[in-house]
Number of protein chains: 2
Amino acid sequence: MPAPQAPTGDDDRTKPQASLWERLARPAPAPRTTLTPHRIAEAAVEIADTEGLDAVTMRRLATALGVAPMAAYRYVSGKDELIELMVDFVYGRLPLDAPAAGWRDTMRILAVHLRAMNLAHPWTVRAAAASLSPNQLAVPERAFAALADHGLDADTTMAVFRTVTGYVHGSVAAEIALQDLQRDHGWSGGDETRAALAPRMSFLMNTGRYPAYQRYLHEATRKDDPTWQFETGLDCVLTGIATHLGI
Amino acid sequence: MPAPQAPTGDDDRTKPQASLWERLARPAPAPRTTLTPHRIAEAAVEIADTEGLDAVTMRRLATALGVAPMAAYRYVSGKDELIELMVDFVYGRLPLDAPAAGWRDTMRILAVHLRAMNLAHPWTVRAAAASLSPNQLAVPERAFAALADHGLDADTTMAVFRTVTGYVHGSVAAEIALQDLQRDHGWSGGDETRAALAPRMSFLMNTGRYPAYQRYLHEATRKDDPTWQFETGLDCVLTGIATHLGI
DNA sequence: ATCTGATGGATACAACGTACACATCGGCGC
DNA sequence: GCGCCGATGTGTACGTTGTATCCATCAGAT
C-alpha cells in the first residue's frame, strides 16, 4: 500500500489531506456548472429510496444526473464518499429542534425520529458507518445538550446516548431486514409473508429444537405491530437509564 | 422478471422449492466427494475473518477450497445463500448452554456472548439478515425458555428479546464500525486514531455547531473502554426491562 | 459391464468501480 | 477586447465480480 499522499507528478503546493466535509465547506470556488455535491446526493438518495442501495451505481447515478459516468468523481473520491454524502444528506433532514420537556422526552423523540428516518430510507441501516459527518454529529450534540445539568459525567452521558441509539439502530435494522425480505419477494402483508414462509418454518419447527419459539408463534397477537414493539422496548430502555443512573 | 420456478427444459418432477436448511437436513445423498456445505462455510468464514467480508468472492473461496470457481454453486444457489450459510455457521459456535440463575442472568450472558461472537467475526454485523436459520433460531429459543414462567404474554416476551438483541446488535455495530475504520487505515490505539482524525475533528469543532460534543471530548476518560460502555448500557437495558415490566 | 444421475471444470458475459488522457468552458490579467 | 489557464465534464479502457451454460467424469445400482 503506497502512501496516499502524492498520486504522481504533483505541484509543490500539495493540499494537506482535506476531508470531505472540509472541502464542502469551502466557499464553493466556482458554482458555474450544473453539478454540485448537493445535487449528487439528492439524486443518489432518490435512487436508493426507490430502487434500493444496490441500484446506486456510479453509471446509474450519472444517467440520473444527465452526465457522463465519471463526472461525479470530481466531487467524491469514490463510491464510499458518495455513500457518506448520502447518509449526511438524509441526516440533514432530521428534525432536531422539536420542543421537549426534560431529557427523557428529548431522547424519546430523538429515537422516534431516527426510526422514522431509517424507515423512510431503509438503506441507511446498511450504509451508516462511523458517524463523523456534520449532520450525523448534530445528533449526539442535541442529546448531550439535553442530558447536561443532570449530574452525569461525560462518560456516562455518552453511555446513555450510545445505549439509546444502539437500541434504535439494532432494533430498526431487524425491522428493515424483515421489510427487505418482504419487498424482495413481493409479499405484502404479515399474513402473506407467513404463508410464504410456512414451509420453511414448519420444517424448522418439526425438528423439535424450538418448542418455546413455537409456543410464541401460536400465542403472539402483535407480531405485525412493529411500532408497538419498538416503543415498548424504547420505554424499557429509557426507564432503565432513569432507574439505573438515578436521573 | 420471469417466474423463478422453471429455468429452461425441466424434468417433470420439479423439486417444490426446498429451502436451504431443508436441503441440508436431507440424509446427504452422496457424501463421496470433498466438497460439503460445512467445508464451504468453514473456508468462507476463515476468509472473512482474516481478510474481511469483501474478500469473500466466489473465486477466492474456490481457490481456498482447491476447486473450480463455479463448484460451490452445487451447494448454494448464490452468494446470498453462501452468506446465510456463513452466518449460521458462526451462530452454531455460540455457547447457549451456560448455566444461569434467572432470566436476567441468562439474558446478560446471552448478550455478552453475542457481542463476543460479533467481535470475533466482525462481518456478521453487515451480513446478518432475517434470522431464519437453525442456529440463529436457537438464540430466541434459549431466551424464551428463560423468560417463561414470569407471567409475560408472548408479545411481551418477544419485546424483551427484541429489546436486548436490538441493543446488542446496534451497539456492537457501532463498535465494529469504529474498529473497521481503524483497521482500514492501520491505526492501532485510541490515541493514534484520535491523532489521525484530529484535522477532520478540529475542522468540525471549529464550526461551533457542536459545543456539547466538544465538552464531551475534553472531559471523557473512558472513550477507549468499549466493554465498559457496552455493559453499562446493557445493565440499563436489563434494569429497564425489570422495572418497566415488573419482573 | 453398463447405465444414470450427481458432481466438479471450463468458458463466457454483462455489469461494476475507477484510472487516465482529452476536450471544453469561463473568469482573470494584459 | 483578447488570450490564457485552471476547473469541469467526456471518452475509453481495464481488471474484477457474480453467475448462466454446457461439458467431462465418477460412484453405485442394475
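# A helical pair, chain by chain

Just after helix α7(B), Asp149(B) takes a positive phi of about 60 degrees. That is one small detail of a predicted model, and this briefing moves from there to the helix itself, the contact between the chains and the salt bridges. Chain B and chain A bury about 5300 Å² between them, and the structure holds 20 salt bridges over all chains.

**Helix α7 of chain B**

- Let's start with the helix that comes just before Asp149(B). α7(B) has 14 residues and spans 20 Å from its first C-alpha to its last, close to the 20 Å expected at 1.5 Å a residue.
- Is this helix mostly covered or mostly open? α7(B) is mostly covered, with 12 of its 14 residues buried.
- Among the buried residues of α7(B) are Pro134(B), Leu137(B), Val139(B), Pro140(B), Phe144(B) and Leu147(B).
- The buried set in α7(B) also includes Asn135(B), Gln136(B) and Glu141(B).

**Where the two chains meet**

- How many residues does each chain bring to the contact? Chain B brings 62 residues, and chain A brings 62 residues.
- Of the roughly 5300 Å² buried between chain B and chain A, 72% is on carbon and sulfur atoms.
- Three residues stand out on the chain B side: Glu141(B), Asp155(B) and Phe203(B) supply 11% of the area that chain B buries against chain A, more than any other three residues.
- One of those three, Glu141(B), is also among the buried residues of α7(B).
- Between chain B and chain A there are 16 residue pairs in polar contact, counting pairs with both residues at pLDDT 80 or more. Across this interface the rule finds 0 salt bridges.
- Which helices of chain B take part? α1 (20-25), α7 (134-147), α8 (154-185), α9 (190-206), α10 (211-219) and α11 (226-245) each supply at least two residues of the side that touches chain A.
- The helix that gives the most to this side of chain B is α8(B), with 15 residues.
- By type, the residues on the side of chain B that touches chain A divide into 35 nonpolar, 16 polar and 11 charged.

**A look at chain A**

- The secondary structure of chain A comes to 11 helices and 0 strands. Along the sequence, its pattern reads α-α-α-α-α-α-α-α-α-α-α.
- Chain A has 247 residues, and 45% of them count as buried.
- Among contacts in chain A with a separation of 6 or more, 67% are between residues 24 or more positions apart.
- For a single example, find Gln229(A) in helix α11 (residues 226-245) of chain A. Why does Gln229(A) count as buried? Its relative accessibility is 12%, and the cut-off for buried is under 20%.
- Leaving out residues up to four places away in sequence, Gln229(A) touches Tyr167(A), Arg222(A) and Lys223(A), and also Arg162(B).

**Salt bridges to find in the structure**

- In chain B, the side chains of Arg126(B) and Asp54(B) meet in a salt bridge, at 3.5 Å from N to O. Arg126(B) lies in helix α6 (residues 124-127) and Asp54(B) in the loop between α2 (37-51) and α3 (58-65), so the pair ties together parts that are 72 residues apart in sequence. Asp54(B) counts as exposed, at 63% relative accessibility.
- Glu231(B) forms a salt bridge with Arg108(B), and their closest N and O atoms are 4.0 Å apart. Glu231(B) lies in helix α11 and Arg108(B) in helix α5 (residues 102-120), so this pair ties together parts that are 123 residues apart in sequence. Glu231(B) is partly exposed, with a relative accessible area of 27%, and Arg108(B) is partly exposed too, at 23%.
- Asp191(B) and Arg194(B) meet in a salt bridge at 3.1 Å, N to O. These two are 3 residues apart in helix α9 of chain B, so about one helical turn separates them. An α-helix has 3.6 residues a turn, so residues three or four places apart point the same way. Asp191(B) is exposed, with a relative accessible area of 60%, whereas Arg194(B) is partly exposed, at 32%.
- Finally, which residues of chain A are joined into one network? Salt bridges that share partners join Arg108(A), Glu231(A) and Asp235(A).

Conventions:
Residues numbered from 1 in each chain as written. Chains lettered and ligands numbered in written order. Predicted model: local features only at pLDDT ≥ 70, side-chain atom pairs only at ≥ 80, totals over all residues. Heavy atoms only, no water. Contact = heavy atoms within 4.5 Å. Buried area = accessible area lost by both parts, 1.4 Å probe. Polar contact = N/O pair within 3.5 Å; in protein donor to acceptor, adjacent residues only side chain to side chain. Helix = DSSP H or I, 4+ residues; strand = E, 2+ residues; numbered from the N terminus. Nonpolar A, V, L, I, M, F, W, Y, C, P; charged D, E, K, R; others polar. Expected span 1.5 Å × (residues − 1). Buried < 20%, exposed > 50% of the residue type's maximum accessible area, 1.4 Å probe, protein only.
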